[in-house]
Amino acid sequence: MSEQSILLISFANFEDDFLERIAREITKEYQFPVNIDTSHLDLSEFYDPMRRQYDGNRILKIIDFISASQYVKKVGLFRVDLFIPILTYIFGQAALNGNSGIASLYRLRNEQYGMKKDEKLLLERFEKVIIHELGHMFGLIHCHIPTCVMRSSTYVEDIDQKNHRLCSKCRTELES
């Protein structure tokens, strides 16, 4: 386990191939090897019955406490509906220049919007969310270039319109 690698921690049941494909895309974008691990977290204590969602801020703090000092960054992966108090829902979250992030595919599924299941689109959306959150962890803020993965996404349509790559402006910021 190299000090210069990213850790994806699965807290849900994901197909190995699904996570390996995401890991390959992260490696292409950030030039770090990606390791995948699984863990368990009792999410019941993070559930808000009034909202019927899980508190992303509190979950992120738990991910931050997970000892993974041998990794440059770590991202917890979930399948539950996440929120933060100021937003109705979130796809993911990370602290700017932090070491930890979270992402959930709950709101990325076509079925959530009454559309036909599409595993390829789900994978692409999840890749973009994770790459976006890693960008924040590496110090990047939201970008105004429409196709940049660092553009803010309020709706899945926003995610669909952007690439899973950094634009040249963000790439330059990342490398400096």
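Trainee: Is cysteine 148 buried or exposed?
Mentor: In this predicted model, cysteine 148 has a relative accessibility of 1%. The limit for burial is under 20%, so cysteine 148 counts as buried.

Trainee: Which cysteine has the sulfur closest to that of cysteine 148, and why is there no bond?
Mentor: The two sulfurs are 3.7 Å apart. A disulfide needs sulfur atoms within 2.5 Å, so this separation is too far for a bond. The closest sulfur belongs to cysteine 167.

Trainee: How many disulfides are found in the whole structure, and how far is the sulfur nearest to cysteine 143?
Mentor: The search of the whole structure returns zero disulfides. Cysteine 143 is accordingly in no disulfide. Its nearest cysteine sulfur, in cysteine 167, lies at 3.7 Å.

Trainee: What is the relative accessible area of cysteine 143?
Mentor: Cysteine 143 is also on the buried side of the under 20% limit. Its relative accessible area is 3%.

Trainee: Which element supplies the largest share of the largest nonpolar core?
Mentor: This core holds 37 residues, and Leu8, Phe18 and Ile130 are among those touching the most other members. Strand 1 (6–10), helix 1 (16–30), strand 5 (73–78), helix 3 (119–137) and helix 4 (156–161) each contribute at least two residues. The largest share, eight residues, comes from helix 3.

Trainee: Leaving aside neighbours within four places in sequence, which residue of those numbered above 100 is in contact with leucine 8?
Mentor: The contacts of leucine 8 include Leu19, Ile22, Val34, Asp37 and Leu77. The list also contains the residue asked for, Ile130.

Methods:
Residues are numbered from 1 along each chain as its sequence is written. This is a predicted model: local features need pLDDT of at least 70, side-chain atom pairs count only at pLDDT 80 or more; totals for chains, interfaces and linings use all residues. Side-chain values use heavy atoms; hydrogens and water are left out. A nonpolar core is a set of buried Ala, Val, Leu, Ile, Met, Phe, Trp, Tyr and Cys residues joined through side-chain atoms within 4.5 Å. Buried means under 20% relative accessible area, exposed over 50%, partly exposed in between (1.4 Å probe, protein chains only). Helices (H or I, at least four residues) and strands (E, at least two) are DSSP runs, numbered from the N terminus. Contact means heavy atoms within 4.5 Å.
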